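Me: Please examine one part of this structure closely, taking a single residue as the starting point. From there, set out in a connected account how the neighbouring strands are arranged and how the metal site is built.

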Amino acid sequence: MHVERTERLWMWAATGMLALFTGAIVATAVGGSAHPPSHTETVNPETLSVTGEFATPGLVSAADGAVTVSMRAEFYVFRPAVVRVPAGIPVTFRITSPDVLHGFQIVGTNVNLTVAPGYVSQATTTFDTPGEYLVVCNEYCGLAHHLMQGTVIVEPGR
Ligand SMILES: [Cu+2]
């Protein structure tokens with residue numbers, strides 16, 4: 001089959017662009033340590049504000065020094081709204097919602113979770129740089145969605 005030179009050139013150009021874009025996606029995912037969620041845990045959204053881990057959200061330090069933060073994302077706040085964590089230690093965020101779909105993104109880190117009612121979303125990160133990190137909801141959840149934000153304060157290591 002005869003393919004014209006110009007057409008062949010464009011086919012190679014299109015193939016090259018596909019390879020380039022695929023490479024960019026892979027490089028960004030690997031470079032940013034992005035990975036699909038691999039944690040599936042369910043919780044009853046009707047009772048989580050009353051009983052269990054999420055009824056008293058906040059920071060829990062284990063004996064081995066590991067830090068876990070339980071949180072709720074609900075119409076239009078994160079509970080707790082301000083979280084203080086130590087720098088240089090792995091911090092696990094566990095978050096769920098009693099109402100609708102929310103987001104939980106710690107700006108400037110690779111923590112970016114979808115928070116769905118009935119499920120516990122979890123991510124672990126280590127903050128190397130002390131300071132204040134903005135937390136935003138990045139899933140449209142209602143009229144005051146744009147006001148839904150929190151703060152993670154990273155304190156210098158112990
Ligand atoms: Cu929202």
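Reply:
**Contacts and setting**

Apart from its neighbours within four places in sequence, T92 is in contact with V67, T68, V69, Q122, A123 and T124. These contacts, like everything below, come from a predicted model. One of these partners, T124, is also joined to T92 through a polar contact between the two side chains, at 2.9 Å. T92 itself belongs to strand β5, which spans residues 90-96. The relative accessibility of T92 is 15%, and because buried means under 20%, T92 counts as buried.

**The open sheet**

The account now turns to a sheet. Five strands form an open sheet in the order β4-β10-β9-β6-β7, and their pairing is mixed. Its edges are β4 (82-86) and β7 (112-115); each has a single partner strand, so one side of each lacks a neighbour in the sheet. From one strand to the next, the twist averages 20 degrees. Within this order, β6 (residues 102-106) and β9 (residues 131-136) pair in the antiparallel sense, over 2 bridges. Across this pairing, Q105 stands opposite V136 in β9.

**The copper site**

Which protein atoms serve as donors to the copper ion? They are SG of C137, O of E139, SG of C141 and ND1 of H145, and they lie 1.9 to 2.7 Å from the ion. The spacing of the donor residues in sequence is C-x1-E-x1-C-x3-H.

The angles among the 4 donor atoms run from 82 to 126 degrees, and the site is irregular. Why is it not classed as tetrahedral? That class requires all angles to lie between 85 and 135 degrees, and the range here begins at 82 degrees, so the condition is not met. For reference, the ideal angle for four tetrahedral donors is 109.5 degrees.

Two of the donor residues can also be described by their accessibility. C137 has a relative accessibility of 7% and therefore counts as buried. E139, at 24%, counts as partly exposed, because partly exposed covers values between the 20% and 50% limits.

**A distant part of the chain**

Helix α1, which covers residues 5-31, contains W12. Is W12 buried or exposed? W12 is exposed, as its relative accessible area is 63%. Measuring from C-alpha to C-alpha, W12 and V100 are 47 Å apart in space, with their positions 88 residues apart in sequence.

Technical notes
Residues numbered from 1 in each chain as written. Predicted model: local features only at pLDDT ≥ 70, side-chain atom pairs only at ≥ 80, totals over all residues. Heavy atoms only, no water. Donors = N, O, S within 2.8 Å, 3.2 Å for Na, K, Ca; no water. Tetrahedral: all angles 85-135°; square planar, octahedral: opposite > 155°, others 65-115°. Buried < 20%, exposed > 50% of the residue type's maximum accessible area, 1.4 Å probe, protein only. Helix = DSSP H or I, 4+ residues; strand = E, 2+ residues; numbered from the N terminus. Polar contact = N/O pair within 3.5 Å; in protein donor to acceptor, adjacent residues only side chain to side chain. Contact = heavy atoms within 4.5 Å. Pairing = 2+ DSSP bridges. Axes fitted to C-alpha atoms, helices over the stretch in contact; angles between N-to-C directions.
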